[in-house]
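This report walks through the fold and then turns to individual residues and the space they surround. Please keep the sequence and the structure in view while reading.

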Amino acid sequence: VIINGNTVTVEVGFHVPVTREAAWEVMTDFDNATHFIDKLQESRVLSQTSEILLVSQKGTMGLGPFSVPLESVSEVRLKPYDSIQSRMLSGNMKQYDSDTELRPEGDGTRVSYRATSIPDVWIPPVVGRSLIEFETRSRFRQLIQEIMRRKLIAKHSQLFDSNQNRQSNDQADCGRLSSFS
């Protein structure tokens with residue numbers, strides 16, 4: 001987190017052991033984001049074309065007396081499985097733009113995120129930076145946990161399906177064997 005005057009720049013990079021498609025599924029699931037981002041009270045897609053979403057979100061940032069409400073309507077440009085660009089059109093910040101890139105790396109995906117914002121509220125020099133870092137870590141930790149949760153569900157679902165198929169085949173084999181008796 002870098003604060004230069006009124007401008008806040010946040011850069012985050014992390015690796016997740018999933019495909020870009022699996023990471024993308026969670027990172028673009030705006031309608032369900034309130035289920036896995038705890039300080040997000042509302043998130044919904046207002047309109048959608050093939051590559052552009054209009055997304056409304058409401059939540060809070062900070063702790064206790066340092067909490068501030070966040071509201072935005074953003075234009076989100078999607079380049080499936082490669083990048084997500086977001087530009088705030090309205091809300092309670094003067095500016096908010098972010099770029100997220102997803103790249104294959106080893107056994108998974110490298111996610112690189114960069115956001116530049118100009119808040120409407122004064123940011124205390126020392127405490128403000130710490131709060132922004134805390135919130136950023138928390139939100140990305142929750143995002144990674146949801147990516148991994150969905151990976152686990154998909155894995156268990158595949159195991160269940162293969163066991164079901166195996167049981168069906170075993171039952172069919174038993175039926176064929178009993179017809180020879």
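## Sheet, helix and pocket

Met 93 is a residue of strand β7, in a model that is predicted. With a relative accessibility of 18%, Met 93 falls under the 20% limit and therefore counts as buried. Its C-alpha atom is separated by 4.5 Å from that of Pro 119, although the two residues are 26 residues apart along the chain.

Strand β7 also holds Thr 100, and this residue counts as buried because its relative accessibility is 7%. The table sets out the two residues with their contacts, leaving aside residues up to four places away in sequence.

| Residue | Relative accessibility | Residues touched |
|---|---|---|
| Met 93 | 18% | Met 88, Ser 117, Ile 118, Pro 119 and Asp 120 |
| Thr 100 | 7% | Met 27, Asp 82, Ser 83, Ile 84, Val 111, Ser 112 and Tyr 113 |

The strand that carries both residues belongs to an open sheet of eight strands, which follow the order β1-β2-β8-β7-β6-β5-β4-β3 with antiparallel pairing. Because β1 (2-4) and β3 (40-48) stand at the edges and each have a single partner strand, one side of each is left without a neighbour in the sheet. On average, and with direction ignored, neighbouring strands of this sheet are turned by 20° against each other. At the edge formed by β3, the pairing with β4 (residues 52-61) is antiparallel and runs over seven bridges, and Leu 40 stands opposite Gly 59 in β4.

Helix α1 (residues 20-27) lies across β2 (7-16), β5 (68-79), β6 (83-91), β7 (93-105) and β8 (108-119), and runs at about 160° to β7.

Which residues lie nearest the centre of the largest pocket? They are Leu 70, Met 93, Tyr 96, Tyr 113 and Arg 139, out of 49 residues that line the pocket, whose volume is about 1300 Å³. The elements that give two or more residues to this lining are β2, α1, β4, β5, β6, β7, β8 and α2 (125-178), and α2 gives the most, with eight residues.

Tyr 113, one of the residues nearest the pocket centre and a contact of Thr 100, is also part of an aromatic cluster, in which ring pairs link it with Phe 14 and Phe 140. The structure as a whole holds three aromatic pairs.

Note on methods. Residues numbered from 1 in each chain as written. Predicted model: local features only at pLDDT ≥ 70, side-chain atom pairs only at ≥ 80, totals over all residues. Heavy atoms only, no water. Pairing = 2+ DSSP bridges. Helix = DSSP H or I, 4+ residues; strand = E, 2+ residues; numbered from the N terminus. Axes fitted to C-alpha atoms, helices over the stretch in contact; angles between N-to-C directions. Contact = heavy atoms within 4.5 Å. Buried < 20%, exposed > 50% of the residue type's maximum accessible area, 1.4 Å probe, protein only. Phe/Tyr/Trp six-rings, centres within 6.5 Å; stacked < 30°, edge-to-face > 60°. 1 Å grid on protein atoms, 1.4 Å probe; cavity = no way out; pocket = protein on both sides within 12 Å on 5 of 7 lines; lining within 4 Å. Points joined across faces, edges and corners; volume = space filled by probe spheres on them.
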